[in-house]
Amino acid sequence: MKRILLIASLMLALISGNAFGQLHYTSKISIGGKAGITMSKMSFTPGTKQKMLQGKTAGITMKYWEERNFGFIAEINYEQRGWKEDFEGAPYSFERHLDYIQIPILTSFFFGGNVVKGFFNAGPEVGYLIGTGYTANFDVHNIDQYPDFPGNRMTDQLWMKPSKKFDYGISGGAGIEVAIKRKNIISLEARYYFGIGNIFPDNRADTFSASRTSSIMVTLGYSYRLK
């Protein structure tokens, strides 16, 4: 999968380079920031019962685009991810929090007028886990002492600490932006991230063969056009 992502990125760069070499449109550059909320969960194999966990995200963004409907976006974001266990009515609660620094490199397609535009963004994303913790109303290391604890469910994810800090995956989203006096741009975007890397060991003898993050982000941003 890493090779596929690398090859796709190289092909995109070559195609884009050729396109920019052939067209002579006035380029534009903007920088800015954004903030919003996240809703995340995990993809475990074997599976576990979960609910979405709400978190926060914020970051800085730079956009390069041509007069027609195509451009690139690079970001550096802080993002809270994780998951919430679903105990199906039992009086227990558990939340695992994962704090990431994420760097997406996205292709942007947009349409509309000079003031209001719609857009689609998609591309690869890499990240690094900078912190993790959990909250629970029971001792995750001594579950056997709770005779009414729900049975027939995976519990290793409750006490295991994420050991794989590097993350990578694919992001895609859509939104709308409004230009104010040409150089001030307000944007609203909903984006989905599908993780490919695992947070737990994934060798044949390990508990989970897959432990991947995924999240939905809704952000409000402001950027200033430099040129």
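Phe94 has plenty of company from elsewhere in the chain: beyond four places in sequence, its contacts are Trp83, Lys84, Glu85, Phe87, Tyr134, Thr135, Ala136, Phe138, Val140, Gln157 and Leu158. Phe94 is also among the residues with the most contacts inside the largest nonpolar core. Keep in mind that this is a predicted model, with a mean pLDDT of 88 for the protein chain.

**The core around Phe94**
- The largest nonpolar core counts 18 residues, and Trp83, Phe94, Phe138, Phe149, Leu158, Ile199 and Phe200 are those with the most contacts inside it.
- Two strands, β1 (28-45) and β5 (94-112), each put in at least two residues of this core.
- β5 gives the largest share of this core, at three residues.
- Trp83, Phe138 and Leu158 turn up in the contact list of Phe94, and they belong to the best-connected members of the core as well.

**The largest pocket**
- Its volume comes to about 340 Å³.
- The lining has 17 residues, and Lys28, Asn114, Lys117, Ala179 and Arg225 sit closest to the pocket centre.
- Sorted by class, the lining holds eight charged, six nonpolar and three polar residues.
- β5 and β7 (166-180) each bring at least two residues to this lining.
- The largest share, three residues, is down to β7.

**Glu177, a buried acid in β7**
- Glu177 belongs to strand β7.
- Glu177 counts as buried because its relative accessibility is 12%, and the cut-off is under 20%.
- Past four places in sequence, Glu177 touches Lys63, Val115, Val116, Lys117, Phe119, Ile185, Ile186 and Ser187.
- Lys117 in that list is also one of the residues closest to the centre of the largest pocket.
- Tyr222 lies 45 residues from Glu177 along the chain, yet their C-alpha atoms are 9.3 Å apart.

**Overall fold**
- The chain has nine strands and two helices, running α-β-β-β-β-β-β-α-β-β-β from the N terminus.
- Of the 227 residues, 39% are buried.
- Among contacts with a separation of 6 or more, 70% join residues 24 or more positions apart.

**How far to trust it**
- A pLDDT of 70 or more is reached by 89% of the residues.
- Over residues 2-23, pLDDT stays under 50, and the model gives this stretch 13 contacts beyond four places in sequence.
- Where pLDDT is low, don't read the predicted coordinates in detail.

Terms used: Residues numbered from 1 in each chain as written. Predicted model: local features only at pLDDT ≥ 70, side-chain atom pairs only at ≥ 80, totals over all residues. Heavy atoms only, no water. Core = buried A, V, L, I, M, F, W, Y, C linked by side-chain atoms within 4.5 Å. Buried < 20%, exposed > 50% of the residue type's maximum accessible area, 1.4 Å probe, protein only. Helix = DSSP H or I, 4+ residues; strand = E, 2+ residues; numbered from the N terminus. Contact = heavy atoms within 4.5 Å. 1 Å grid on protein atoms, 1.4 Å probe; cavity = no way out; pocket = protein on both sides within 12 Å on 5 of 7 lines; lining within 4 Å. Points joined across faces, edges and corners; volume = space filled by probe spheres on them. Nonpolar A, V, L, I, M, F, W, Y, C, P; charged D, E, K, R; others polar. pLDDT = per-residue confidence, 0-100.
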